[in-house]
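User: I would like a close look at one part of this model. Please keep to side-chain contacts and how covered the partners are.

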Amino acid sequence: MKARYDPVRLSIYQHLLAACAEEMGAALGRSASSANIKERRDYSCAVFDHAGNMVAQAAHIPVHLGSMPLSVAAALRRGPLERGDAVLVNDPYEGGTHLPDITLVAPVFLPGERRARFYVANRAHHADVGGMSPGSLPLSTEMVQEGVRIPPVKIVRAGAVQSDLWRLICANVRTPLERQADLEAQLGAAHAGARRLVELAARSGPDELSAYCGHLLDYAERGVQAVLATIRPGRYAFTDHLDDAGHGGPPIPIRVAISVRGGRATIDFAGTAAQVEGPLNAVYSITLSAVLYAFRCLAGRDLPTNAGCLRPLTVVAPEGSLVHCRYPAAVSSGNVETSQRITDVLFGALARALPGRLPAASYGTMNNVLIGGTAKDGSPFAYYETLGGGHGAGPTWNGASGLQAHMTNTLNTPIEAFEHLFPMRVTRYALRPGSGGRGKHRGGDGLVREIELLVPATVTVISERRRLAPWGAAGGEDGAKGRNRRVDGKSGRARGLPGKFQQRFEAGDRLVVESPGGGGYGPPAARRRRGAR
């Protein structure tokens, strides 16, 4: 029998704990150095109980937050965390996602206690962590090409920073001063979260706080069970494809079958392609993140996102497959691209389980742009950004235009900050009219981002939905596929580029990225009958 609780106090604790995570994020964003963290807010923060269960998160990035518990578990497996310790980890095979996402885990001790009562964690995407190309999202074929790999290690022991380890990490990246500042910001964010939890425990009592953490896990579990109870028992399958494995070749299938029965669901990815030679492989933590996100979206109410949400769900991802790869598979783009396609596949299957409730496919790619080189003053630079696109239309709504969707939740880099920090200029930034799929409700339009380089640099673009369009639903048309182009700075001639490439650009050359539109929903004729455009 579940312990009784006060629903009002449950709601209060839900928001207080989430506020701790939000405060960590605010501290991290304010104190970071890189544009990717400071401007784009490519970071996530969460609070964990004494056993490493996530009890609260900030409204940050789904692909970070759903996988972060596995990094916390990996940190705890390496030995107890004592007062004043902090662990650093980015290893995708130890709960991470890809190497640029560095996670910091710290214990929270209450006064007079000898065991950690809570843990706080934050994950930030660093603009460069070494590897074979600037930005550390290369067209790799194995893990060692992607950058410095950090297993769970104590970067702080008993309050003392491990300076040798710190120097080792910074010696293996292209922008060491920026990395050092961003890591210091992560440490500061952990201190902010720990301080707030200690204050909260002092105000309400540590035992009550811990008890309500448990109540929140149980409440989230019941919320997901309630969603599953609205689904007719059965098996619902769907298949979608990545454009290619990163080095050309045929489309790569991702398959899922969702079986719902008795208040539980099994999400089985059997039939998905085997892991590939390119960087599109996803570790298990990414697949788990996408599942958590998709089912949490179904709740449609103020349900806390925590470890309880996963209790009614069983995820089956065959080891050695694209969605649960084995070392030493390259994974740099699995986090950003394959995660989006896993989400598309999940929503495609869930749309069959819940007809008339879910939208068409959104743009389905993070449109990763990475540019790095040497500025005119001789200093190194590394720029990273993801670009939004068109959202899929739904049963009663048009898709939003030019926004991030699903597994990402970052901002753009403001043009003023971009041109101040990097030897480049933005010559065009606009919506892409007509790129949303037609339907009773139209898909959202994608974006156009045009960047002129002022110095020679290495340009990498990792993008999807260049060969296979975002699908429409219920008779709606597909969204427009994305396009990448290079405009020669001398002749002005433009030529098309593949979805994934790395090239050396010269000063004056321009990169043009046109992101996909979202799929339409319902027959276009239905829109015409209503007199809509």
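User: Is Trp 471 buried or exposed? Please take the contacts around that residue in detail, then set them beside the other side-chain contacts.

Analyst: The model is predicted. Trp 471 is buried, because its relative accessibility is 16% and the limit for buried is under 20%. Its aromatic partner is Phe 238. That residue is also buried, at 14%. The ring centres of Phe 238 and Trp 471 lie 5.3 Å apart. Their planes meet at 55 degrees, so the pair counts as tilted. Edge-to-face would need over 60 degrees. Phe 238 belongs to strand 8 (residues 234–242). Trp 471 sits in the loop between strand 16 (457–462) and strand 17 (483–487). The pair therefore ties together parts that are 233 residues apart in sequence.

A salt-bridge network comes next. It links Asp 240, Asp 244, Arg 341, Asp 344, Glu 464, Arg 465, Arg 467 and Lys 500. The structure holds 32 salt bridges.

Now the other aromatic contacts. The whole structure has eight aromatic pairs. One of them is Tyr 93 with Tyr 327, an edge-to-face pair. Its centres are 5.5 Å apart, with 85 degrees between the planes. Tyr 93 lies in the loop between strand 3 and strand 4. Tyr 327 lies in the loop between strand 11 (313–316) and helix 9 (334–353). They are 234 residues apart. Both rings are partly exposed: Tyr 93 at 23%, Tyr 327 at 42%. Phe 381, Tyr 383, Phe 418 and Phe 422 form one aromatic cluster.

Arg 449 has two contacts to follow. One is a salt bridge with Glu 385, with the closest N and O atoms 3.0 Å apart. Glu 385 is in strand 13 (residues 380–386) and Arg 449 in strand 15 (residues 446–453), 64 residues apart. Both ends are buried, Glu 385 at 0% and Arg 449 at 1%. Arg 449 also lies over the face of Tyr 429, 4.3 Å from the ring centre. Arg 486 has a ring contact too: its charged end sits over Phe 505, 4.1 Å from the centre.

Two further salt bridges show other exposure patterns. Asp 91 pairs with Arg 149 at 3.0 Å. These residues are 58 apart along the chain. Asp 91 is buried at 3%, whereas Arg 149 is partly exposed at 35%. Arg 326 meets Glu 319 at 3.8 Å, N to O. Here Arg 326 is partly exposed at 44%, and Glu 319 is exposed at 52%.

Technical notes
Residues numbered from 1 in each chain as written. Predicted model: local features only at pLDDT ≥ 70, side-chain atom pairs only at ≥ 80, totals over all residues. Heavy atoms only, no water. Salt bridge = Lys/Arg side-chain N within 4 Å of Asp/Glu carboxyl O. Helix = DSSP H or I, 4+ residues; strand = E, 2+ residues; numbered from the N terminus. Buried < 20%, exposed > 50% of the residue type's maximum accessible area, 1.4 Å probe, protein only. Phe/Tyr/Trp six-rings, centres within 6.5 Å; stacked < 30°, edge-to-face > 60°. Lys NZ or Arg CZ within 6 Å of the ring centre and 35° of its normal.
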